[in-house]
Number of protein chains: 2
Amino acid sequence: VIRIAIDAMGGDHAPAAPVAGAAMARAALAEDILIQLVGQTAVVEAELERQGVGRDGLEIVEAPEVIGMAEKPVEAIRSKRNSSIALGLALQKAGKSDAFISAGNTGAVMAAATLVLRLYPGFERPAIGVPFPTADHPVLVLDAGANVDCKSQELVGFAHLGTHYARDVLGRPEPVVGLLSIGEEPEKGNAAVKEAHRLLAADPVLRFCGNVEGRDILMGRCEHGVIDVVVCDGFTGNILLKFYESVGKLLRTLVGKELPPEMQQSEGMRRIAHFLDYARFGGAPLLGVRGVCIIAHGRSSPEALASGIRVAAEAARHHLVQHMNSEFAPEAAAS
Amino acid sequence: VIRIAIDAMGGDHAPAAPVAGAAMARAALAEDILIQLVGQTAVVEAELERQGVGRDGLEIVEAPEVIGMAEKPVEAIRSKRNSSIALGLALQKAGKSDAFISAGNTGAVMAAATLVLRLYPGFERPAIGVPFPTADHPVLVLDAGANVDCKSQELVGFAHLGTHYARDVLGRPEPVVGLLSIGEEPEKGNAAVKEAHRLLAADPVLRFCGNVEGRDILMGRCEHGVIDVVVCDGFTGNILLKFYESVGKLLRTLVGKELPPEMQQSEGMRRIAHFLDYARFGGAPLLGVRGVCIIAHGRSSPEALASGIRVAAEAARHHLVQHMNSEFAPEAAAS
C-alpha cells in the first residue's frame, strides 16, 4: 500500500479543498493507495461529512495545531510541534507514510521538511522543482525558489535531483538536462553558470545538452533536441516562475477586454487556459530532502490537490527516494 | 533639425526593411527630421528606386563595408572601420547626427557604441533597456543583456539611466523604479540585490518603490503603485526577455491548434497579438553610452524600424543625452 499524507489544514481553502482533493484522488487512483488526512480530527470529520465523503481508503491523522498562511515559517515550525505540517512529515520520517503534500505556508513546509526529513549532503536548502507547461511536454525547472546565491556545485546537484524526478515521476527514461543561460556557447553566463557548464559537461551520469536560453523552456526543446530538466539558481527560477504566472493573468485580462463573450467561453479558449494552468501538474516537489514532499499553491483547487496526490503516488511507486538515497546517501540505501 | 542615422545594411531584411522604415517614419514624423541612410550608396539608391521612395528628408551616407549578422562582433568592428555600424556612430560622435538605430549584428553595435561613443564613468558595458508590454503601460526593463555579473553599484547606475530614459522618451514625468527580486522585503534577493536595495532606498534622486517580483512586471504595478522602470542584472533580464518572446510564440502555436480559423483571424485576436508584440516599441536603447543608440531586432519589419526612428527622435527632441551628460559627465555638459 502506498500511503500519501495530505495537510488537511493547509491552503487558502482548507479543509474543504484538501478533503475534496483526497476524495477525488481516491476515486481516480489505484486501490493500493491510502490517503492520510493530517489535521484536527473534529474539523476533518465534519468536512468529510459535509461533503458526503466515505472513509474507504482515507485515514485521519490527528494534528492539533495549525500553522497560518502568514505566520513566520521558522518560528511557526519551532513553536507548533504538533502542527499538521510537522506531524505529516514526521509520519514519513517514522516510516508510516510515503509522501507528504501541503498547500499551506510554503516557507513552513520547507523549514519542516529540512528539519524533519533532513537534506542530502551537499545541499543547503531544498530545491523547488516546478513543471512548466510547454508546447510539447512539461519541463521541470529547478531551483524555483530557495537557493538564491548558488555555487556551481549546487547547480550540478539540481541537475542530478531533476534527473531522478523526471525519470521516476515524469516518466522520462533518459532525462535531458539543460543549464539556463544567456547563450548556447559554454562561455556565456555568469560566473557560477560558466563553471557549472564545465562540471556538467564532464559529468559521467547526466545527459547534459548544454546551455539553454529563456526562449527554449516553453518550446520544450533546444537546438540539440528535447529538454526535460532546466537548471538555474533560485533567484532566476523564482523570477521566471512568477513572471510565467503573470503571463496567464495578463492573457485573461486581454481576452476579457478584446474578445466577445462567446469567444471567451469557447471550447478552444478553455483548452488554452487549461494548457497554461500549471496547477494541473499538482504542485512542486521539494528536492534534496530525504523523502517526498510536494508543495501546492495556496489557492489550489481540489483538482490541483488530487493531481498533487497522484504525483506523490508516482514518486512512491517508482521508488524516487530509494533512487535518490542510492546516489546521495549510499550508506542509508544499504542499511 | 533632428538627424537620425539608420543602418541601411543591418538586419535580416536589409536594405529593404530599413529603407521602407525610413520612408514610413519620414511620412509620419514632423518635418524637422532628417533621416540618414548609412550604407553602400549604390545599394541604397537602388532600393529607394525599387520602392519608389523620394529623397525628401532622406540623405545617404556612404559606408562601403557591411558587417554580417553572424560575424564575431569585436573582430568585425576592428577590421571593418568603414562599416555602416561604425560610420553611423562616428557621424553622431562628430556632431553630425543625433541618434543611431540598427537592426544589424547586436554584438557589433554594442562594441562599436562602446568604442565610438564611449561609456559614462561607472559603467563597464552598455545596458540594454527593453520596454515590456504590460496590462497598463510599457515598463522599461534593464539590463536585458550585457552586464552579466552585476555589482550593486551597477544596478543603481541602471536605475538612473532608466529614469532618464523613461522621463525623456517614454513620457513619464517622475519615473518609479523597482528592483527585481524574489520578494518585497528588503532582505530578499541575492547578495548584489540586497546591497542595491539599501543604496537605492538611500538615493536622493530616484523614486524607488522597493523590490518588485516577476509577477509585477506585466501588471505594470506593484503594491505601492505604478512601475516605470525595472532594474536587474543582464543575466536575469536576458533570460526574462527571451522567455517573454517565447510566450508569444507559444500562444501563436496554441491559438493555431485550438481555435477555429475565423476566431484566429478575428479583430480581437489581432489586437491581442499586436499588444504582445514588443517590436511595436521600436527597439531597445543602449544606455550608458554618451549618445543615442537603438538596437532593433534582426527580424524587424519596416513598421518596427519606423517606430525605432520615432523613439530615437523622441530621445533627441527631449535632450536625453544632455540630461545624461549633466548627471554622469558634468564636465562634458558644461563644455
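This is a walk through a predicted model with chains A and B, starting with its confidence scores and moving on to a pocket, some helices and a few individual residues.

Let us begin with how far the prediction trusts itself. The model scores ipTM 0.91 and pTM 0.92. Chain A has an average pLDDT of 93, and 99% of its residues score at least 70. As a rule of reading, predicted coordinates should not be taken in detail where pLDDT is low.

A good first stop is the second largest pocket, with a volume of about 460 Å³. Its lining is made up of 20 residues, and those closest to the centre are Gln92(A), Ser97(A), Arg290(A), Gly291(A) and Val321(A). Several elements of chain A come together here: β1 (2-7), α4 (84-93), α12 (302-317), α13 (320-328) and α14 (330-334) each supply at least two lining residues. The largest share belongs to α13(A), which gives three residues. What kinds of residue make up the lining of this second largest pocket? By class, nine are nonpolar, seven are polar and four are charged.

Just before α13 of chain A, you can pause at His319(A), in the loop between α12 and α13. His319(A) has a positive phi of about 60°, although it is not a glycine. With a relative accessible area of 41%, this residue is partly exposed, since that value falls between the 20% limit for buried and the 50% limit for exposed.

Now turn to helix α13 in chain B, residues 320-328. Here Leu320(B), Val321(B), Met324(B), Asn325(B) and Phe328(B) are buried. Looking down the axis of α13(B), you would find these buried residues within an arc of 130°, so they line one face of the helix.

Helix α7 of chain A, residues 191-201, can be read in a similar way. Its buried residues are Val193(A), Ala196(A), His197(A) and Leu200(A). Seen along the axis of α7(A), they fall within an arc of 110°, and so they too line one face of their helix. What does this buried set pack against? Its partners in chain A are α6 (152-168), β8 (176-180) and β9 (207-212), and α9 (234-258) of chain B joins them.

Chain A has its own helix α9, and Asn238(A) sits in it. Asn238(A) has a relative accessible area of 10%, so it counts as buried, the limit being under 20%. Leaving out residues up to four places away in sequence, Asn238(A) touches Asp143(A), Ala144(A) and Gly145(A), as well as Ile182(B) from the other chain. Asn238(A) and Ala42(A) are 196 residues apart in sequence, and their C-alpha atoms are 37 Å apart in space.

The rest of the tour stays in chain B. Is Ser83(B), in the loop between α3 (73-79) and α4 (84-93), buried or exposed? Its relative accessibility is 0%, so Ser83(B) counts as buried. Beyond its neighbours up to four places away in sequence, Ser83(B) touches Ala63(B), Glu65(B) and Ile67(B). The C-alpha atoms of Ser83(B) and Ala279(B), 196 residues apart along the chain, are separated by 25 Å.

Lys96(B) lies in the loop between α4 and β4 (99-102) of chain B. At 54% relative accessibility, Lys96(B) counts as exposed, because the limit is over 50%. Setting aside neighbours within four places in sequence, Lys96(B) is in contact with Arg3(B), Gln36(B) and Leu91(B). From C-alpha to C-alpha, Lys96(B) and Glu62(B) are 14 Å apart, with their positions 34 residues apart in sequence counted as the separation.

Finally, some details of the backbone in chain B are worth finding on screen. A cis peptide bond joins Ala14(B) and Pro15(B), with omega about 0°, and Pro15(B) lies in the loop between β1 (2-7) and α1 (16-28). Another cis peptide bond links Leu142(B) and Asp143(B), with omega about 5°. Asp143(B) is in the loop between β7 (139-142) and α6 (152-168). Arg118(B), in the loop between α5 (106-117) and β5 (127-128), has a positive phi of about 75° although it is not a glycine.

Conventions. Residues are numbered from 1 along each chain as its sequence is written. Chains are lettered from A and ligands numbered from 1 in the order in which they are written. This is a predicted model: local features need pLDDT of at least 70, side-chain atom pairs count only at pLDDT 80 or more; totals for chains, interfaces and linings use all residues. Side-chain values use heavy atoms; hydrogens and water are left out. On a 1 Å grid over the protein atoms alone, a cavity is a set of points where a 1.4 Å probe fits but cannot get out, and a pocket is an open set with protein on both sides within 12 Å along at least five of seven lines; lining residues have an atom within 4 Å of a point. Grid points are joined across faces, edges and corners, and a volume is the space filled by probe spheres set on the points. Helices (H or I, at least four residues) and strands (E, at least two) are DSSP runs, numbered from the N terminus. Ala, Val, Leu, Ile, Met, Phe, Trp, Tyr, Cys and Pro count as nonpolar, Asp, Glu, Lys and Arg as charged, and the others, Gly among them, as polar. Buried means under 20% relative accessible area, exposed over 50%, partly exposed in between (1.4 Å probe, protein chains only). The arc is that of the directions from the helix axis to the C-beta atoms. Contact means heavy atoms within 4.5 Å. pLDDT is the predictor's confidence in each residue, from 0 to 100.
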